[in-house]
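Me: Could you take a close look at one part of this protein for me, and then set it in its wider surroundings? A connected walk through the model would be lovely.

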Amino acid sequence: MPHCDPVGLVHSLESFGSVDGPGVRFVVFLQGCALRCKYCHNPETWSAEGGTEWSPEKLFQHVWRYRNYWGKKGGITVSGGEPLRQMDFLIKFFQLARAKGVHTALDTAGQPFQPDDPAYLAAFDTLMASTSLVILDLKEIDPEKHRQLTGRDNANILAMARHISDLGVPLWIRHVLVPGLTDNEEGLRRTADFIRSLKTVQRVEVLPYHTLGLFKWQKLGISYPLPDAVPPTAEQVRRAEELLEVAKYPG
């Protein structure tokens, strides 16, 4: 029987991303995510259905046309949704990219990670072998607060961060700062302690909460769970950066 490559469900493509890893990036947003973050700015990516079908080869051929814009620092970032939900597709796509010497970044929240499944870990390690950088969104360090914020536990996510560190793959850590929700100083100190325990962190970023995705919730007819949330002040961002020891990780 002929071998069939995995098919990826792609939500959208962005040819000139500037905040999704080092340099200029071609960003692929995959469809599907099991988290239900209260501040999500891409709720249209939650569904595992929809999106445009691409084979790894066809998508890489399309992306490769933009290589002249990447320079020495840029490359490809795969985000979502949650890209780890489509790991077979992701492995093949990143292998094609690395074969051409392209820098590959995985932008993930880590929810699908299965630390107790040997077959899953073997596939994950195969993916990491073709991954230049993992950009991990650490939403909350406290398990209960994480469940309240996203609907899911975070033990496997923290395990994934440790595993990536043990593999020696570079990490960028991001934290979305929502006043009154994800800015608790004790929680930020615990997050800093956890980040300090990892061996490969190159950069830590505080992302200020914004309401630019609110219209998407309204368009989908979903009640927005944070109607009174406001973006943090510059001082609140500075304090969070201080607590997370951002200056220690210049990237």
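Reply: Happy to. A residue is called buried when its relative accessible area is under 20%, exposed when it is over 50%, and partly exposed in between. With that in hand, and bearing in mind that this is a predicted model, let us start with Arg174. Its relative accessible area is 10%, so Arg174 is buried. The residue belongs to strand β7, which covers residues 171–177.

What does Arg174 touch, once residues up to four places away in sequence are set aside? One set of partners is Val19, Asp20 and Gly21. Another is Ile135, Leu136, Asp137 and Leu138. Asp107, Glu205 and Leu207 complete the list. The acidic residues touched by this arginine are therefore Asp20, Asp107, Asp137 and Glu205, given that Asp and Glu count as negative and Arg as positive.

That charge pattern leads to the protein as a whole. There are 28 positive and 29 negative side chains, and the centres of these two sets are 6 Å apart. The partners of Arg174 also sit well with the overall contact pattern: among contacts with a separation of 6 or more, 76% are between residues 24 or more positions apart. Buried residues, of which Arg174 is one, make up 50% of the 251 residues.

The fold around this strand has 8 helices and 8 strands. Its radius of gyration is 18 Å, which agrees with the value near 18 Å that a compact globule of 251 residues would have. The C-alpha trace spans about 55 × 45 × 40 Å along the principal axes. About 12,000 Å² of the protein is exposed, with carbon and sulfur atoms supplying 53% of that area.

Now for the aromatic residues. A pair of aromatic rings is described by the distance of the centres and the angle of the planes. The count comes to 14 aromatic pairs. In one of them, the rings of Trp64 and Trp70 have centres 6.5 Å apart and planes at 65°, so this pair is edge-to-face. Trp70 is buried, at a relative accessible area of 6%, whereas Trp64 is partly exposed, at 23%. Tyr66 and Tyr69 also have ring centres 6.5 Å apart, but with planes at 40° the pair is tilted. Tyr66 counts as buried, at 18% relative accessibility. Ring pairs also link Trp64 and Trp70 into a cluster with Phe60, Phe89, Phe93 and Phe94.

Another aromatic residue, Tyr120, is found in helix α3, residues 118–129. With a relative accessible area of 10%, Tyr120 is buried. Beyond its neighbours within four places in sequence, Tyr120 is in contact with Leu84, Met87, Pro112, Phe113 and Gln114. Met87 is 33 residues away along the chain, and the C-alpha atoms of Tyr120 and Met87 are separated by 9.5 Å.

Two backbone details round off the tour. Gly80 and Gly81 are joined by a cis peptide bond, with omega about 15°. Gly81 has its place in the loop between β4 (75–79) and α2 (87–99). Glu245, in the segment after α8 (234–243), has a positive phi near 55° although it is a residue other than glycine. At 23% relative accessibility, Glu245 counts as partly exposed.

Key. Residues numbered from 1 in each chain as written. Predicted model: local features only at pLDDT ≥ 70, side-chain atom pairs only at ≥ 80, totals over all residues. Heavy atoms only, no water. Helix = DSSP H or I, 4+ residues; strand = E, 2+ residues; numbered from the N terminus. Rg over C-alpha atoms; globule rule 2.2 N^0.38 Å. Buried < 20%, exposed > 50% of the residue type's maximum accessible area, 1.4 Å probe, protein only. Contact = heavy atoms within 4.5 Å. Areas by Shrake-Rupley, 256 points an atom, 1.4 Å probe, with all protein chains shown as cover. Charge placed at Lys NZ, Arg CZ, Asp CG, Glu CD. Phe/Tyr/Trp six-rings, centres within 6.5 Å; stacked < 30°, edge-to-face > 60°.
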